[in-house]
Amino acid sequence: MPRGIDHVGVTVPDINSAIRFLEEAFGAVALYRNVTRTAPQKGPETEKILGLPGGTVVIEMCMMALGHGPGIELFEMKGPDQREAARPCDWGLQHFAVYVDDIHAACHRFREAGGTLLTEPQGQPSLEAAPGNMFCYGRTPWGMIVELVCTPHQERFNDIAPMNRYQPPALKGSDA
């Protein structure tokens, strides 16, 4: 059985800008670059391994840490028929969520880093509704959707679920 999600891969138009945004918006840390501009990945074998259209070049890859939980593996690629970020209604991965303890401060930081909020923070709906349970969607500078989520009270849904929903542990030195 799997232990859980190890990382989420995200293709961005400019890897250095994306790294800077994730650092400024979420305090993410660049761990290492596995592919670099001086040694890009390309050719038929790379295309086959990654399921890429012919002619696509993986220019850079950087693994990022984001608090507790899965990593974010950033890719800068150039290829034929490249498209902008998918909309939430399109098939496939449509967003990732970042757990925060202070959603208002997190939204401010997200904006300051260059992101755009789709709405102001609002209460969680339905079974997730409880005091302090809030969420807000935002768009990164390259157009990908990120959800900021805070669910300190999980009793309503954990009481009926077959196992508790994962919640990242508090960061060291945090009041949460």
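A residue counts as buried here when its relative accessible area is under 20%. That cut-off helps with the close-ups below, which all come from a predicted model.

**View 1. Phe26 sits between two aromatic partners.** At 15% relative accessibility, Phe26 falls under the 20% mark, so it counts as buried. Phe21 is buried as well, with a relative accessible area of 2%. The rings of Phe21 and Phe26 make an edge-to-face pair, 6.3 Å from centre to centre and with 85° between the planes. Phe26 also pairs with Phe110, this time in a tilted arrangement: the centres are 5.9 Å apart and the planes 45° apart. Because Phe26 belongs to helix H1 and Phe110 to helix H3, this pair ties together parts that lie 84 residues apart in sequence. Like Phe26, Phe110 is buried. Zoom out a little and Trp142 joins in: Phe21, Phe26, Phe110 and Trp142 make up one aromatic cluster. Across the structure there are five aromatic pairs.

**View 2. The largest pocket draws its lining from helices and strands.** Its volume comes to about 1300 Å³, and 42 residues line it. Look for His68, Ala97, Val98, Tyr99 and Pro168 if you want the lining residues nearest the centre. Helices H1 (15-26) and H3 (103-112) each supply at least two lining residues, and so do strands E5 (71-78), E6 (96-99) and E10 (145-150). The largest share, four residues, comes from E6. Sorted by class, the lining has 26 nonpolar, 10 polar and six charged residues.

**View 3. Strand E6 has two faces and a parallel neighbour.** In a regular strand, side chains alternate between the two faces of the sheet. Here, Phe96 and Val98 make up the covered face of E6, while Ala97 and Tyr99 are on the uncovered one. E6 runs parallel to E10, and four bridges join the two strands. Pick out Ala97 on E6 and you can follow its bridge to Glu147 in E10.

**View 4. The second largest pocket has its own set of lining residues.** This pocket holds about 970 Å³ of space. It is lined by 30 residues, with Thr11, Gln82, Arg83, Glu84 and Ala85 nearest its centre. Strands E1 (7-12) and E5 are the elements that give two or more residues to this lining. E1 provides the largest share, four residues. The class split is 16 nonpolar, nine polar and five charged.

**View 5. Asp81 and Ser126 have positive phi angles.** Most residues other than glycine have a negative phi. Asp81, although not a glycine, has a positive phi of about 55°. You'll find Asp81 in the loop between E5 and E6, where it counts as exposed at 68% relative accessibility. Ser126 also has a positive phi, near 55°. Its place is the loop between strands E8 (122-123) and E9 (134-139). With a relative accessible area of 60%, Ser126 is exposed too.

**View 6. An annotated stretch covers residues 4-151.** The UniProt record, an unreviewed entry, places the feature "domain: VOC" at these positions. Over residues 4-151 the chain is 20% helix and 35% strand. The C-alpha atoms at the two ends of this stretch are 20 Å apart.

Key
Residues are numbered from 1 along each chain as its sequence is written. This is a predicted model: local features need pLDDT of at least 70, side-chain atom pairs count only at pLDDT 80 or more; totals for chains, interfaces and linings use all residues. Side-chain values use heavy atoms; hydrogens and water are left out. On a 1 Å grid over the protein atoms alone, a cavity is a set of points where a 1.4 Å probe fits but cannot get out, and a pocket is an open set with protein on both sides within 12 Å along at least five of seven lines; lining residues have an atom within 4 Å of a point. Grid points are joined across faces, edges and corners, and a volume is the space filled by probe spheres set on the points. Ala, Val, Leu, Ile, Met, Phe, Trp, Tyr, Cys and Pro count as nonpolar, Asp, Glu, Lys and Arg as charged, and the others, Gly among them, as polar. UniProt positions are given in the numbering used here, feature names are shortened, and annotations may be inferred rather than shown by experiment. Buried means under 20% relative accessible area, exposed over 50%, partly exposed in between (1.4 Å probe, protein chains only). Two strands pair if DSSP finds at least two bridges between them. Rings of Phe, Tyr and Trp (its six-membered ring) pair if their centres lie within 6.5 Å; planes under 30 degrees apart count as stacked, over 60 as edge-to-face and the rest as tilted.
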